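Here's a quick briefing to read alongside the model. Have the sequence and the 3D view open as you go through it.

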Amino acid sequence: MSVRSRRAENTGFVCGHCAADVPANTDGHYRNHCPFCLWSLHVDDLPGDRASDCRALMEPVGLVEKSGKGWQVVHRCTACGHRQPNRLVRDGDAPDDLDLVLSLPWL
Ligand SMILES: [Zn+2]
Ligand SMILES: [Zn+2]
């Protein structure tokens, strides 16, 4: 993926689950889930590739800790069951709701 297309993905969006206006990420990574309810959309086959045609909502089901990457929230697609760990957003505008993050079970 080119730098250009990656930048194009780092835009604000309206959450498909809670309908919140989600601002673009400002910590240098693009945002792939809602910071307010933590739900995501199934748009990637591999993290960041935007190659999936599924486009269904992905539910946050738990947390994992990966060496070198810290905590990640695991999303499970409500349509196809695809599971995908995603990095948490801890800095910048609208970081992930930590209370919500901590309410998730460790997997
Ligand atoms: Zn949301
Ligand atoms: Zn899916």
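How many bridges join β5 to strand β6, and do the two run parallel or antiparallel? There are 5 bridges between them, and the strands run antiparallel. Keep in mind that this is a predicted model. Two topics are covered below: a run of strands and a zinc site.

**Strands β4, β5 and β6**

- Strand β4 covers residues 57-66 and strand β5 covers residues 70-77; the two pair in the antiparallel sense over 8 bridges.
- To find your way along that pairing, look for G62, which sits opposite V74 in β5.
- β4 and β5 make a hairpin with 3 residues between them, and G68 in that turn has a positive phi of about 85 degrees.
- β5 also pairs with strand β6, residues 83-87, and here R76 faces R83 in β6.
- β5 and β6 form a hairpin too, with 5 residues between them; G81 in the turn has a positive phi of about 80 degrees.
- As a general reminder for reading these strands, side chains in a regular strand alternate between the two faces of the sheet.

**The zinc site**

- The zinc ion (ligand 1) takes its protein donors from C15, C18, C34 and C37, each through SG, at 2.2 to 2.3 Å.
- Along the sequence, those donor residues follow the spacing C-x2-C-x15-C-x2-C.
- The site is tetrahedral, with angles of 106 to 113 degrees among the 4 donor atoms.
- For reference, the ideal angle for four tetrahedral donors is 109.5 degrees.
- Among the donor residues, C34 and C37 are both buried.

Definitions and conventions:
Residues are numbered from 1 along each chain as its sequence is written. Chains are lettered from A and ligands numbered from 1 in the order in which they are written. This is a predicted model: local features need pLDDT of at least 70, side-chain atom pairs count only at pLDDT 80 or more; totals for chains, interfaces and linings use all residues. Side-chain values use heavy atoms; hydrogens and water are left out. Two strands pair if DSSP finds at least two bridges between them. Helices (H or I, at least four residues) and strands (E, at least two) are DSSP runs, numbered from the N terminus. Donors are N, O and S atoms within 2.8 Å of the metal (3.2 Å for Na, K and Ca); water is not among the atoms, so sites may look incomplete. Four donors count as tetrahedral if all angles lie between 85 and 135 degrees; four count as square planar and six as octahedral if opposite donors are over 155 degrees apart and all others between 65 and 115; anything else is irregular. Buried means under 20% relative accessible area, exposed over 50%, partly exposed in between (1.4 Å probe, protein chains only).
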